[in-house]
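These are my notes on a set of look-ups made in one structure. I recorded each item as I came to it and grouped the entries by region.

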Amino acid sequence: MNRVLQFIESEWKDEEVITSDYKLSEKSKLQFLRGIYNKVGYTESQIEERSKNHPISGYRVSSLFTGGNDISIDDEIKRDIQTADQIDFVVSFIKFEGLRLIYQYLKDFLTQPSAKLRILTTTYMGATDPKAIRKLFELKEIGNVEIRASFNTNQERLHAKAYIFSRNNGFDTAYIGSSNLSRSALTKGLEWNMRVTSIENSHIINKTKATFDSYWNSEDFEAIDTEERLIAFEKAIREQHGQGSRDSEETQYLIRFERKTHQIKVLEKLQYERSQIKSYKNLVIAATGTGKTAISAFDFKDYNKIIQRTKNRRARILFVAHREKILKQARSTFRSVMVDANFGEIWTGRISPGSRSNIDHLFITIQTLNNNWDTFERLGKEYYDYIVIDEVHHSQAGSYREIFKRFTPEIFVGLTATPERMDGKEIKPDFNNRFAAEIRLQEALDHRLLSPFDYFCITDDSVDLSMVPCKGDAYDKSILQSLYKAQNTQRFSLIQRALDNYVTNPYECKAVCFCAGIEHAEMMADMFNKSGYKAVSVTSRNSADIDRVSSMLARGEINYLCVSDILNEGIDIPEIDTVLFLRPTESLTVFLQQLGRGLRLADGKTCLTVLDFVAQANKSYNYERRFRALVGKSMKSISHEIQTGFKFLPRGCSITMERQAQEYILQNIKNAIFNKRRLIQEVAGFEHNTGLNLSLRNFLENFSLDIRTVYKTPGSWARLKQLAGITVPTFNPNSKYTELLEGGLARLYHINSYDYLNFLKTLLNNNFTVPPKNDRERKFAKMFYYTMWLNPLDKLNKEYAKSFNSIEDVIASLKDQAWIVEELQTLIDIKIESLSKTTRWFDVADGSEIELYGCYSADEIHLLLEDKPGRWQVLGTQYNKDKNFAMVFVTLNKSDKEYSPSTLYEDYAISQSQFHWQSMNKIQEQSEEGQRIINQKENGWKYILFVRDSKTDEFGNTNGYYCLGMMEFNSSHGECPMNVVWDMHEPIPGFILESAKAV
């Protein structure tokens, strides 16, 4: 500061400007410059008072407030309010006595023209004072105030407390800790809060702001923007607080249904099934509690718009379930989604449609439907456009078969959490032998739709299963039961010890014990009872008792339900809080079904405790797949995850392994892993061991392998067969040219364009000599060439001693490489079958086009948009100044070590319609590039966003970029780098949104 004043004095010496009176003393130099004030028009005391508005903690160093004799947090927050340009609060509840401490300061703050206040809160426990929210709502009359709240606190238990103060000068601060907006929390309560500054901890500030924006734009929080919504919030508070009556249907209608990210993904897949596969019988698999009914309601709403547009009437729907309660809940959901309080009629044994209504939108029990076929035969087979069968795993029963015979709707939707039936009958044939969409366990847990789990792997040294016959994951049941019976006393002591170590109260839990067979289940129940616990066994011998016994468990009349071949299907007991795996599960499907029995949300249930008793396993038993199913998104091996403590588990979940159990599991995984040695061994004995013909497709399906396993090592199916001693015509294992083509197969894997895959299929079927029909196919051929051969023609000829005259000649030469035909055919078929998102071509500029939501390598993007590969360019933002468009390349996870605080929150999706992007560090607002971005609406430049999750996939292949389409400048702050918010022209698809959100 003194140097600045000295410079001013020297520059303006002719005007005799004296600055010595203003220079800082040695003591003052230790303080941080907080502002430069104009003294004109102010007295010295006024200037001094203005300077006191700044936080005593300053803007540089972070501070901890503990509610002791340090600075009062409420006074410091008041000073932060006075110096902020935008304020964001996120708290579980707001008390009037706490709000009134800062209310006047908020009023003064909002008189500033650019001031903005955003508040996130909940109805949790009814703790918020309705008067406090009303007072905040009244601030809308003064300035820019927005309030959003979570009504659904059964699922969304927001406990975050943060007060964020953003400033245009970049000196942001935030309080993060334990204080809700209450008087005790903000004064001298024993609350701990960190006041973090962007100068010292910019990555924490960035993460805090990004997380707030993610919550703010989440479908879980509803805007309190009208008097009607404010009254609804006040009513929800009273109901949570136990005041007033609670009408379940009215309350459910009160909670507006928004499309959640995981539901958007399913809806996108349904759209693809119908538009591309032409499959209109769609089976949706989703765990109970994940919103299956809401998915069908949103799907019907979209379909209804099409019917209204094409047929000038509303679509007709028939919703079939086996219980009246399910129908009432379903109709309530549909009414909320359709925004129609009168939507739908219910028809059951007790309830009939009203005399003044019709049955165009009918919710009916299967029993009532079967008793009234005369009515529906008069309507005709095609009367209903859209039919939903809930719990469709019942559909193989005779009562359901008539639905498929008597109705031919345009769309049939089956909903189930359990596609496998105990009687072995398949439900897929009724739905074109396809699972249209599935909500996976990790997604449901991450979205807090299911209870989190604490999973404990217990060392079971009472038995050794390494020599017990095991086919796949299924041990010989009779031998297994005999082993357990022989070691029952020792093993039960081990079980008791585990219960004492890991269960809060073993005599009050509500546990399901999965056993090896009928005798084992009965034996375990007997042991529990003899040891003072309350237990019952239910098996196929007394399966009729399951409803009665389930109710006993839910009420706590028994604590242990020992089962065999029961509870895999159709029975839901949300109160289950403990699961014991007393024998190895027979398959991944059964494992997830049985685990899912305990994952239902229930009042008072904080998590599911899982005790998995791990013995030394047969080498053919597969632990890897079940832990992979639990872990979620990780590019590391399961062995690595086990050894490093499972970094990528779903939110709130944990896995703990006892030392010996961990060794057993790691050894099992090591033996089961498909490394090069095992791949060769399995290929050599495939036909003898399986009775199947040796083909790439059969091999992959038999071992449930990803084709990239073969590409990673040894490099191709042909090389794998050759290493196994099988002759492969035209395959030269020692040729560098062969290695180039092998790499090309792996480089094709990312393709998700149906048009491009169809072009490749046609090319393959016509001996690689199909001439392109148009400019798009010409570019497809060029893309295929550069993906497979990488190099320009002259370099290819020189490096590999070839004499090709054209790209077409190079492609046509594949007809002489017989080994590659099977591999290409299998790869293309696998990719077409796995497609789940509809892509759409759009024009960029002057004949340049690309597919919205298409996945491309950087080369392929440049080939489509610029007709030349762009591999020599540095990724980031690349400009085509001839056509005035910019390609913005974003890698969401930039860290090679999977996580970096300073990079993770730079680029992220704010919502389906907005994306936060950070420029390169050198970009200033006034630079050419900065002005091009800011003035994008006026200068005509087009910005196209390309996003990938990480640089490489779990197999080491370079990931492609998904084209998210055009975007338009919304706002920016800061520079070097600039932080830009873009408005997307098209919604960010669910499968991208899930990984692109900051949280």
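**Strand β16 and its partners**

I began with strand β16, which is joined by four bridges to strand β24 (residues 654-657), the two running parallel. I note here that the model is a predicted one. Within that pairing, I looked up Phe 456 and found Thr 656 as its bridge partner in β24.

I then turned to strand β23 (residues 608-616), which pairs with β16 in the parallel sense over eight bridges. In β23, the residue opposite Phe 456 is Leu 611. Phe 456 is thus bridged to Thr 656 in β24 and stands opposite Leu 611 in β23.

How many of the twelve residues of β16 are buried? I found nine, and I entered the strand, residues 453-464, as mostly covered.

**Aromatic pairs**

I next listed the ring pairs, and the structure holds 62 aromatic pairs. I examined the pair of Phe 453 and Tyr 455, which is edge-to-face, with 6.4 Å centre to centre and 75° between the planes. Phe 453 has a relative accessible area of 0%, so I entered it as buried. Tyr 455 also has a relative accessible area of 0% and is likewise buried.

Why is the pair of Tyr 533 and Tyr 560 edge-to-face? The planes of the two rings stand at 80° with the centres 5.4 Å apart, and planes over 60 degrees apart count as edge-to-face. I located Tyr 533 in the loop between α19 (518-530) and β20 (535-538), and Tyr 560 in strand β21 (residues 560-563). The two residues are 27 apart in the chain, and the pair links distant parts of it. I recorded both Tyr 533 and Tyr 560 as buried.

I also traced a cluster linked by ring pairs, which includes Phe 453, Tyr 455, Tyr 475, Phe 514 and Phe 591. Phe 581, Tyr 621, Tyr 623, Phe 627 and Phe 646 belong to this cluster too.

**Charges over rings**

Phe 591, one of the cluster residues, has the charged end of Arg 626 over its ring, 5.6 Å from the centre. Elsewhere I found Lys 131 over the face of Phe 96, at 4.3 Å from the ring centre.

**The seven-stranded sheet**

I wrote out the strand order of an open sheet of seven strands as β11-β12-β10-β13-β14-β9-β15, with parallel pairing. Which strands are at the edges? They are β11 (345-347) and β15 (437-438), each of which pairs on one side only.

For the β15 edge, I found two bridges to strand β9 (residues 281-285), and the two strands run parallel. In this pairing Ile 285 has Glu 438 of β15 as its bridge partner.

I then checked the helices against the sheet. Helix α12 (residues 324-338) packs on the sheet, where it touches β10, β11 and β12, and its direction makes about 160° with that of β12. Helix α11 (residues 292-311) lies across β10 (317-321), β12 (361-365), β13 (386-389) and β14 (411-416), and runs at about 165° to β14.

**Helix α7**

Does the end-to-end distance of α7 (residues 202-216) agree or disagree with the expected span? For 15 residues at 1.5 Å a residue the span should be 21 Å, and the end C-alpha atoms are 21 Å apart, so I recorded agreement. Among the buried residues of α7 I noted Ile 205, Thr 208, Phe 212 and Trp 216.

**Backbone entries**

I looked up two cis peptide bonds. The bond from Thr 713 to Pro 714 is cis, with omega near 15°, and Pro 714 is in the loop between α28 (707-712) and α29 (717-723). The bond from Cys 976 to Pro 977 is cis as well, with omega near 10°; Pro 977 is in the loop between β33 (961-973) and β34 (979-984).

I also entered two non-glycine residues with positive phi. Asn 433 has phi near 55° and lies in the loop between β14 and β15. Ala 801 has a positive phi of about 55° and is found in the loop between α33 (793-799) and α34 (807-812). Is Ala 801 buried or exposed? Its relative accessibility is 71%, so I entered Ala 801 as exposed.

Definitions and conventions: Residues are numbered from 1 along each chain as its sequence is written. This is a predicted model: local features need pLDDT of at least 70, side-chain atom pairs count only at pLDDT 80 or more; totals for chains, interfaces and linings use all residues. Side-chain values use heavy atoms; hydrogens and water are left out. The expected span of a helix is 1.5 Å times one less than its number of residues. Buried means under 20% relative accessible area, exposed over 50%, partly exposed in between (1.4 Å probe, protein chains only). Rings of Phe, Tyr and Trp (its six-membered ring) pair if their centres lie within 6.5 Å; planes under 30 degrees apart count as stacked, over 60 as edge-to-face and the rest as tilted. A charge sits over a ring if NZ of Lys or CZ of Arg is within 6 Å of the ring centre and within 35 degrees of the ring normal. Two strands pair if DSSP finds at least two bridges between them. Contact means heavy atoms within 4.5 Å. Axes are lines fitted to C-alpha atoms, for helices over the stretch in contact, and angles run from 0 to 180 degrees between N-to-C directions.
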